Structures are given as C-alpha cells and as structure tokens.
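Student: I should like to understand how the words used for this structure are justified. May we go through them one at a time?

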Amino acid sequence: MKALTRREFVKLLGASGALTTVGLAGCQTAPVPGPSTAVPAPSRAAPRVVVIGGGFGGATCAKYLRLYDPTLSVTLVEQNAKYLTCPGSNWVFGGMRTLDDLTQTYSALRDKHGVNVVTDRVVSVDAGMRTVNLASGKTVAYDRLVMSPGIDFRWGDIEGYDEAATQAMPHAWKAGPQTALLLKQLQAMPDGGTFIMSAPPMPFRCPPGPPERASMIAHYFKTQKPKSKILILDSKDNFSKQALFTQAWDQLYPNMIEWIPATGGGKVVRVDARSLTVHTASGSSHKGNVVNIIPAQRAPQLAVDTGLTNASGWCPVNQLTFESTQVPNIHVIGDASIAGALPKSGHTANNIAKMTAAAIVSLFRGVPPPTPSHVNTCYSLVAPNYGISIAGVYRLGEDGQLQGVKGAGGLSPTDASLQQRSQEAGYAQGWHKSIVADSFG
Ligand SMILES: Cc1cc2nc3c(=O)[nH]c(=O)nc-3n(C[C@H](O)[C@H](O)[C@H](O)COP(=O)(O)OP(=O)(O)OC[C@H]3O[C@@H](n4cnc5c(N)ncnc54)[C@H](O)[C@@H]3O)c2cc1C
C-alpha cells in the first residue's frame with residue numbers, strides 16, 4: 001500500500017473533521033451524514049442556520065448562505081429526497097417534458113456547497129429554545145431559522161373538496177403524484193370530452209399557472225383529441241397576462257377554451273367528486289370528464305403552529321431581511337411570506353432567498369443588511385413554440401413594503417410576430433434551466 005504524504009494526511013484529517021463537526025452542529029441527538037467531499041469546515045463556534053424546505057426558496061438560501069460565508073453551519077431539512085419543480089409541470093400536459101425531466105436532487109448542495117442535508121419532516125419548532133423537532137425524533141438547534149415550506153390548501157373553502165377528493169379531482173398544484181394523476185386522466189379521456197378547471201382566488205402560487213395549464217392541455221387536445229373542450233371556472237374576474245392568453249387562444253385554439261369569471265358565475269363553491277360535478281356560487285352546475293380543482297391557498301400548518309401567520313393566513317415579515325415580524329430569529333421566504341407586491345413564484349423565491357442569505361450573514365457580522373432590488377420574470381408557454389412573459393422590478397418603499405418600480409419590466413407586446421413568440425418559448429426553457437442550476441446546482 002502506498003504511504004500517505006504529510007500533505008495527504010493533513011487533507012484527510014480536515015475532511016473527517018468537517019464530517020464530525022457538521023454532524024454535531026446540525027443534530028443534537030444523533031450525527032447526520034456530512035459532506036462527502038472536503039468542503040470548508042465550519043468551526044464548532046460557527047453560527048448555525050437551519051433551513052426548512054428544499055424548494056426554490058430553501059435550497060437557494062442554504063446554498064447562498066454557504067457561498068456568502070463558508071464558515072457558517074447550514075442544515076437543510078427537507079421531507080423528500082428529491083424535488084420536482086412546479087415550473088415546467090404544466091408542460092408535462094403538452095407532452096414537452098416528463099416528470100423525470102423536472103426532478104432535482106440535493107447532491108450539489110451537499111457535496112459542492114457543504115450544506116448538511118437532512119431528509120426528514122419538521123413536526124414543530126420551539127422558537128424559545130431555538131430548536132426544530134423532526135419526525136424521526138431528532139432535534140436540530142439553530143441561531144437563525146429560515147422557513148420556506150411552500151403552500152398548503154384551504155380545505156373546506158369548496159364544500160366536498162378534501163384530500164380524499166383529490167384522487168378523483170386532482171389539484172396538481174404541487175408537482176408529483178398529482179401531476180401524474182391528472183396526466184393519466186387526460187390521456188384516458190375520450191375525444192369530445194370536457195376538461196374543467198377551477199382557478200383559485202388571489203393570492204396563490206404562480207398567478208399565470210392556470211391559464212398556462214389550460215393552454216398546454218389545449219395543445220394536447222388540438223393534436224390528439226380535437227373535439228374536446230376546456231371550461232375554466234374562475235374565482236376571479238381577471239387573470240394574469242389575460243390579453244396575451246386570450247389573443248393566443250383565439251389564434252391557436254379557436255372555440256376550444258371557455259373562461260367564466262367569478263361575476264359571470266365562475267366561482268366553484270361545491271363539488272361532487274364521485275360524479276365529477278362542480279357547483280358554482282350562481283347556482284349553475286357543470287359535469288366534466290376530467291376535473292382539476294386548484295384550491296385557495298395559505299401558508300402551511302407548520303407556519304401557523306409556529307405563530308408566524310396573521311389573519312391573512314400568510315406570514316408577515318420585515319421585507320428587508322425577511323425576518324418574521326411575529327417571531328424573532330425566524331426568516332420566512334418563498335410562497336409562505338407576505339412579500340409586498342412580489343408575486344408568489346419560483347423566481348421570487350430564488351431572489352428573496354439570496355437577499356435573505358445576505359441579510360443573515362450581515363446580521364451575524366453586525367453590519368447593516370444590503371438594500372436589494374428584486375426581479376421577477378414569469379414565462380408561460382401557450383404552445384411549444386409560442387411563449388409570453390411578464391417581468392417586474394421591485395424595491396422597498398418608505399412604508400417598508402416591496403413595491404413595483406414604475407416603468408421597469410412589463411408584458412410581451414400584443415403585436416409581437418410569431419418569430420418573437422417562438423423566441424420567447426426558447427427563453428422560457430432557458431429560464432427553467434438556469435433557475436434550476438442556480439437553486440440546486
Ligand atoms: C403548475 C405550476 C407552475 C409554476 N410555474 C412557475 C414558473 O413558470 N415560474 C415561476 O417562477 N414559478 C412557477 N411556479 C411557482 C413556484 O413553483 C413556487 O412559487 C415555488 O416553488 C415556491 O418556492 P418555495 O420554496 O416557497 O416552496 P416549494 O418550492 O413548494 O418548496 C417547499 C418545500 O418545503 C418542503 N416542506 C414543506 N413542509 C416541510 C416540513 N414540515 N418538513 C420538511 N420539509 C417540508 C416541501 O417538501 C417542499 O420541497 C409554478 C407553480 C405551479 C403550481
């Protein structure tokens with residue numbers, strides 16, 4: 001066997017030291033797997049940040065905390081070993097992506113960035129003790145906690161729509177088995193059938209998501225089941241990028257998509273999952289072959305139980321640092337937070353995550369956090385080669401609220417050429433590739 005040089009021996013010592021230290025810093029009751037390659041080792045006295053939720057918000061924040069300060073001990077607790085991006089999940093219905101294409105792992109966070117990734121479910125947070133309790137029985141201590149748990153549904157807002165009903169009428173608003181179920185139902189639907197979608201009230205994750213989904217399903221129908229119809233029953237009177245979507249629908253899918261606003265009788269108030277029938281506030285009933293109910297949303301129960309939500313069901317934060325205004329040392333980012341005029345999107349979650357990472361590092365160092373500008377861009381595909389977008393720039397106003405900067409951003413023009421629409425479809429796919437690389441790579 002080849003003898004180790006002094007240099008190799010010291011390197012090996014460093015690597016095993018990193019493994020033990022991260023394990024101890026992360027979990028109090030049992031060591032957890034540390035990084036598998038030699039990453040800068042946080043010292044025992046390093047401040048500990050725990051991040052809950054490995055979606056666009058949490059994964060990005062954990063990564064950037066380590067990039068901004070490699071001495072920090074960062075533990076990411078995510079209940080699933082893999083993450084499926086909601087962005088791109090509507091494209092599955094148009095046949096442009098598979099769920100496998102959308103699947104991300106946490107190996108780069110763990111191996112490249114030295115994040116201590118723990119696959120477990122957080123059952124509670126003790127904000128007084130600054131500990132996080134996991135379903136496995138372990139406890140993780142923090143100096144600062146970042147929560148990015150995504151959304152939950154307001155079960156009960158639509159009578160008859162509960163978790164059991166999602167097996168007959170999927171929401172597919174969290175990418176995964178629900179997306180696969182809706183796809184299977186659409187594939188089994190006869191030509192000439194009706195697809196019904198119930199779109200939720202604001203605020204909800206991805207405002208242009210419902211019309212993009214309708215577009216992708218229309219593309220599938222046009223190419224595979226051309227006699228079929230789409231009925232969108234909306235709880236609102238308008239929707240994101242409405243003029244652009246309706247213009248494209250008239251052009252690409254004439255007479256296929258009907259949209260009924262809330263005041264026109266579109267608000268679904270009751271469902272019968274067995275007969276695939278929906279009932280609206282105006283008293284009308286509609287029976288579909290496939291029914292997609294996207295329920296009203298709120299922050300997850302963990303945020304409620306931790307005392308982070310207000311009467312709106314979402315989490316108020318200081319919009320500079322994203323620290324909760326209700327519970328100190330806990331930052332809430334992503335969809336669960338109230339972020340002024342910023343929409344609930346993956347792009348926003350990624351942006352806020354980086355700014356929050358910078359703020360946390362500043363707070364540990366005792367220096368003022370930077371004052372950021374935020375950007376959100378949201379692309380939608382109406383057909384595989386037809387894309388539209390909306391973009392916005394946001395800054396903190398004097399009232400402490402993030403506000404849209406007038407004159408910055410905007411919508412795709414309504415008079416764009418088909419070549420420009422095709423270019424935007426390319427940008428949409430490029431956006432997905434780069435946001436995934438930035439958040440998980
Ligand atoms: C159909 C659809 C299309 C979309 N398209 C776009 C798009 O094109 N562009 C865009 O910018 N946005 C898009 N979005 C929105 C985007 O997906 C969300 O805004 C984004 O995922 C929010 O990130 P997040 O970190 O807040 O939550 P999530 O990404 O949902 O991540 C939350 C994570 O927390 C984990 N978690 C929750 N509770 C616990 C717990 N107790 N313990 C451990 N882990 C937990 C979950 O497993 C999950 O992985 C789309 C959404 C949908 C539904």
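Tutor: We begin with residue classes: Ala, Val, Leu, Ile, Met, Phe, Trp, Tyr, Cys and Pro count as nonpolar, Asp, Glu, Lys and Arg as charged, and the others, Gly among them, as polar. Please note that the model is predicted.

Student: What makes up the lining of the second largest pocket, by class?

Tutor: That lining has nine nonpolar, four polar and one charged residues. Ala 341, Pro 343 and Ile 390 are among the residues closest to the centre of this pocket, and Ala, Pro and Ile count as nonpolar. The pocket holds about 240 Å³ of space.

Student: Why is the second largest pocket said to lie between domain 1 and domain 2?

Tutor: Domain 1 (6–151 + 299–370) and domain 2 (155–295) both give residues to its lining, so the pocket lies between them. The largest share of the lining, four residues, comes from strand E23.

Student: How do you know that Gly 57 makes a polar contact with the ligand?

Tutor: A polar contact requires a pair of N or O atoms within 3.5 Å. A polar backbone atom of Gly 57 is 2.9 Å from an oxygen atom of the ligand, so the pair meets the definition. For Gly 346, a backbone N or O atom lies 2.9 Å from a nitrogen atom of the ligand.

Student: Where does the ligand lie with respect to the domains?

Tutor: Both domain 1 and domain 2 give residues to the shell around the ligand, so the ligand lies between them. By class, this shell has 13 nonpolar, 14 polar and seven charged residues.

Methods
Residues numbered from 1 in each chain as written. Predicted model: local features only at pLDDT ≥ 70, side-chain atom pairs only at ≥ 80, totals over all residues. Heavy atoms only, no water. Polar contact = N/O pair within 3.5 Å; in protein donor to acceptor, adjacent residues only side chain to side chain. Domains from an automatic or database assignment. 1 Å grid on protein atoms, 1.4 Å probe; cavity = no way out; pocket = protein on both sides within 12 Å on 5 of 7 lines; lining within 4 Å. Points joined across faces, edges and corners; volume = space filled by probe spheres on them. Helix = DSSP H or I, 4+ residues; strand = E, 2+ residues; numbered from the N terminus.
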